[in-house]
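Biologist: I am new to this structure and would like to learn how to read it. Could you take me through it, feature by feature?

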Amino acid sequence: MRTVNYIENLEKWKSEFKFHIPVKVRFSETDMYGHVNNVSAFIYFEEARIDYIKYLDFLPDYTSKEEAIIVADQQCDYFQQIYFNETLKIYVKIASIGNTSFDIHYMGLKEDGEIALTARSRVVYINPEIGRPIQMSGQKKKLLTK
């Protein structure tokens with residue numbers, strides 16, 4: 001596997017994932033070449049991220065005027081082509097926690113256990129009224145370490 005800037009030790013990095021969701025590739029997620037379109041991977045990551053954040057009990061109420069989370073940036077690295085009707089396991093974990101944001105890492109494994117995708121995203125904790133980052137409480141940070 002080629003080097004990825006957010007992975008220092010691949011085996012250690014892989015072993016730290018505990019949570020995953022299954023994703024079955026739909027025909028509508030493929031492109032004219034018959035493989036998964038590059039943007040579809042971000043849909044898989046979003047689904048896994050939301051399920052994981054719910055599992056951690058971190059997800060803010062969408063109607064809240066005091067707190068929200070947004071994705072500030074994302075990066076995906078593609079290692080293998082993925083095709084219609086294949087099933088992936090999309091793993092997700094918290095990689096680091098700051099005062100107003102946290103980084104999430106993702107790993108997409110094919111049925112044979114080979115890595116097809118890796119990714120990272122920065123999620124920022126904000127006040128939606130002012131649209132600016134706000135500090136996470138100690139209690140909020142603790143939820144991310146579950």
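Modeller: Gladly! Read along the sequence, the protein chain follows the pattern α-β-α-β-β-β-β-β-α. That makes 3 helices and 6 strands, where helices (H or I, at least four residues) and strands (E, at least two) are DSSP runs, numbered from the N terminus. This is a predicted model, in which local features need pLDDT of at least 70 and side-chain atom pairs count only at pLDDT 80 or more, while totals for chains, interfaces and linings use all residues. Residues are numbered from 1 along each chain as its sequence is written, and side-chain values use heavy atoms, with hydrogens and water left out.

Biologist: How do I read the overall form, and what radius of gyration does the protein chain have?

Modeller: The radius of gyration is taken over C-alpha atoms, and the globule rule is 2.2 Å times the number of residues to the power 0.38. For 146 residues a compact globule would come out near 15 Å, and the protein chain has 16 Å, which agrees. Along the principal axes, the C-alpha atoms fill a box of roughly 45 × 35 × 25 Å.

Biologist: What share of the 146 residues is buried?

Modeller: Buried means under 20% relative accessible area, exposed over 50%, and partly exposed in between (1.4 Å probe, protein chains only). Here buried residues make up 42% of the 146. The accessible surface of the protein chain comes to about 8,500 Å², and 49% of that belongs to carbon and sulfur atoms. Such areas come from the Shrake-Rupley method with a 1.4 Å probe, and for residues only the protein chains shown count as cover.

Biologist: Please show me a residue of each kind. Is Phe102 buried or exposed?

Modeller: Phe102, in strand S4 (residues 101-109), counts as buried because its relative accessibility is 1%. Contact means heavy atoms within 4.5 Å. Leaving aside residues up to four places away in sequence, Phe102 touches Ile53, Phe58, Ile94, Ser96, Ile97, Ser121, Arg122, Val123, Met136 and Leu144. Phe102 and Val124 are 22 residues apart in sequence, and their C-alpha atoms are 6.6 Å apart in space.

Biologist: And is Lys142 buried or exposed?

Modeller: Lys142 sits in helix H3 (residues 138-143) and counts as exposed, because its relative accessibility is 63%. Its C-alpha atom is 9.5 Å from that of Leu56, though 86 residues separate the two along the chain. As for contacts across the whole protein chain, among those with a separation of 6 or more, 67% join residues 24 or more positions apart.

Biologist: Now the loops. Which residue has a positive phi of about 65 degrees?

Modeller: That is Asp57, although it is not a glycine. Asp57 lies in the loop between H2 and S2 and is exposed at 57% relative accessibility. Ser64 is found in the loop between H2 and S2 too, but Ser64 is buried, with a relative accessible area of 17%. Asn85, another residue that is not a glycine, has a positive phi of about 75 degrees. The loop between S2 and strand S3 (87-97) holds Asn85, which is partly exposed at 42%.

Biologist: How far apart in space are Glu129 and Tyr33?

Modeller: Their C-alpha atoms are 44 Å apart, with their positions 96 residues apart in sequence. Glu129 belongs to the loop between strand S5 (115-127) and strand S6 (132-133), and is exposed at 57%.

Biologist: Last, how is a pocket found, and how much space lies in the largest pocket?

Modeller: Rolling a probe the size of a water molecule over the atoms shows where empty space is left. On a 1 Å grid over the protein atoms alone, with a 1.4 Å probe, a pocket is an open set of points with protein on both sides within 12 Å along at least five of seven lines; lining residues have an atom within 4 Å of a point. About 250 Å³ of space lies in the largest pocket, a volume being the space filled by probe spheres set on the points. Helix H2 (40-55) and strand S2 (68-78) are the elements that give two or more residues to its lining. The lining has 16 residues, and Leu59, Tyr62, Ala68, Ile69 and Ile70 lie nearest the centre.
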